[in-house]
Amino acid sequence: MIIKQGHLVQSIHSALQYISYYHSPDFISAMVLAYERETNQSAKNAISQILINSKMCALGKRPICQDTGIVNVFVEVGMDIQWESELTLEEMINEGVRRAYNEPDNLLRASIVSDPLFSRKNTQDNTPAVIHTKLVKGNKLDITVAAKGGGSENKSKFTVLNPDDNLTDWVLKTIPTMGAGWCPPGMIGIGVGGTAEKAMLMAKSALMDPIDINQIKDKSDPTEIESLRINLFNKINALGIGAQGLGGLTTVLDVKIQDYPTHAASLPVAMIPNCAATRHVHFTLDGSGVAELPEVDLSLYPDLEMDVSKYTKVDLNNLTQSQMEHWNIGDTLLLSGTIITGRDAAHKRLKSMIDDGEGLPKGVNFDNKFIYYVGPVDAVGNEVIGPAGPTTASRMDKFTDMMLENTGILGMIGKAERGDSTIKSIKKHKASYLIAVGGAAYLISKSIKKAKVVAFEEMGMEAIYELEVKDMPVTVAVDTDGENIHQVLDNIPITFQN
């Protein structure tokens, strides 16, 4: 069997475009079930926004999330394959990545930086991918392509337990420490055994399997691993973290476990979450041409619209601190007016400017504004801006007091929880922290009516934008009194019995 260079490159290209805007059917079905079961209104609203966003992306063929991910590729190479190629396997895969992320009809955000310890220079095309290759019998090429968001990847955990330690105890102690920055509801992949790197690889590989926990729960004779999955699924969801950390019934849609023989003195355990922008697809090349990808069934989506009847409309251009004092955690708001954006690199640069006595950049008016932690996708066609969902706010914690002291901002918009010192600073300055739904980036972008770069243009996605928004949906997570909707993450017991 001969595999041609062009067929593999085009298949990788097509797969990455496909997963940027199509959720897999198992994920959609699991989210619909979670929505139907949910009783916590804030969490139900979040799940609704994720489903609405997913359908919009499927129809509009634009990214589900502004973080279009680091590319992971799992390759099984049949040992009887012959190649017609001038490039190595890795070079072919990376050429497919390069073309996919620069596709003019659906530009994807380039997030990969080289020289990670020092210059952290963006590679501009999201290469290189992280590639795992296995030689197997046969004459086919089996590939699973995934795009893994940084928010969920950053919550990966590893430990080496003693052989007689309880895995369930460790998982249930560790899940709350991950906070909500991994954008639940999602999946948890667990790798047990082997060595450190083998356990991590198994945890990541497990996330590529279909969501089937409900079918497993219906089995009359589940295996020991399946029984453990069910037990962990039930106990993790019983923690009450819920969608986006807002509480409720569904934190995980499934728990996957892979294991491997290990040293008698060791029990390596890895745990990696997958977010609400779960993106992966499998295909096979047999020499006959470019891969065929699954058809998408839009009938899987429920007929949902955002229930804005309980949302409070807020005019940001005339907002005062005294008005904010009437907001309570869990309140749902629709923001209209001007906001400023800024992520990690922008905050770092602002700090340097303030510390050096330069002041704030000219052309940026922070006064009485909210700063939105976002790095949007580039616009295509007649878009004002590409998908523009929130990034994890805790990375900006070390800058929050500086921003509240020196810029005149009223508050921040991001995703997930804030640290204790940040909450104290918010309370001190009578500010507010609002959360937008991670995994609803395209939906959020439709509320942005104007966008212009006002500082640090050379920093790409890290540039500071001024955005005009209309009816941008958010939830109050920390109010002016320092009340915190994510407090549940700090109050979960850490001792469990199997």
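Modeller: Before we start on charges: Lys and Arg count as positive and Asp and Glu as negative, while His and the chain ends are not counted. Each charge is placed at NZ of Lys, CZ of Arg, CG of Asp or CD of Glu.

Colleague: Got it. So how many positive and negative side chains does the protein chain have?

Modeller: There are 47 positive and 61 negative ones, and the centres of the two sets lie 3 Å apart. Keep in mind that this is a predicted model, where local features need pLDDT of at least 70, side-chain atom pairs count only at pLDDT 80 or more, and totals for chains, interfaces and linings use all residues. Residues are numbered from 1 along each chain as its sequence is written, and side-chain values use heavy atoms, with hydrogens and water left out.

Colleague: Thanks! How much of the protein chain is buried?

Modeller: Of its 498 residues, 56% count as buried, meaning under 20% relative accessible area with a 1.4 Å probe, protein chains only.

Colleague: And strand E19, what about that one?

Modeller: E19 spans residues 464–478, and eleven of its 15 residues are buried. Strands here are DSSP runs of E, at least two residues, numbered from the N terminus.

Colleague: Which way does E14 run against E19, and over how many bridges?

Modeller: E14 (residues 332–341) is antiparallel to E19, with eight bridges; strands pair if DSSP finds at least two bridges between them. Leucine 334 has proline 473 as its bridge partner in E19.

Colleague: What joins E18 to E19?

Modeller: Six bridges, again antiparallel, with E18 covering residues 448–455. Isoleucine 448 partners valine 469 of E19 there.

Technical notes. Buried means under 20% relative accessible area, exposed over 50%, partly exposed in between (1.4 Å probe, protein chains only). Helices (H or I, at least four residues) and strands (E, at least two) are DSSP runs, numbered from the N terminus.
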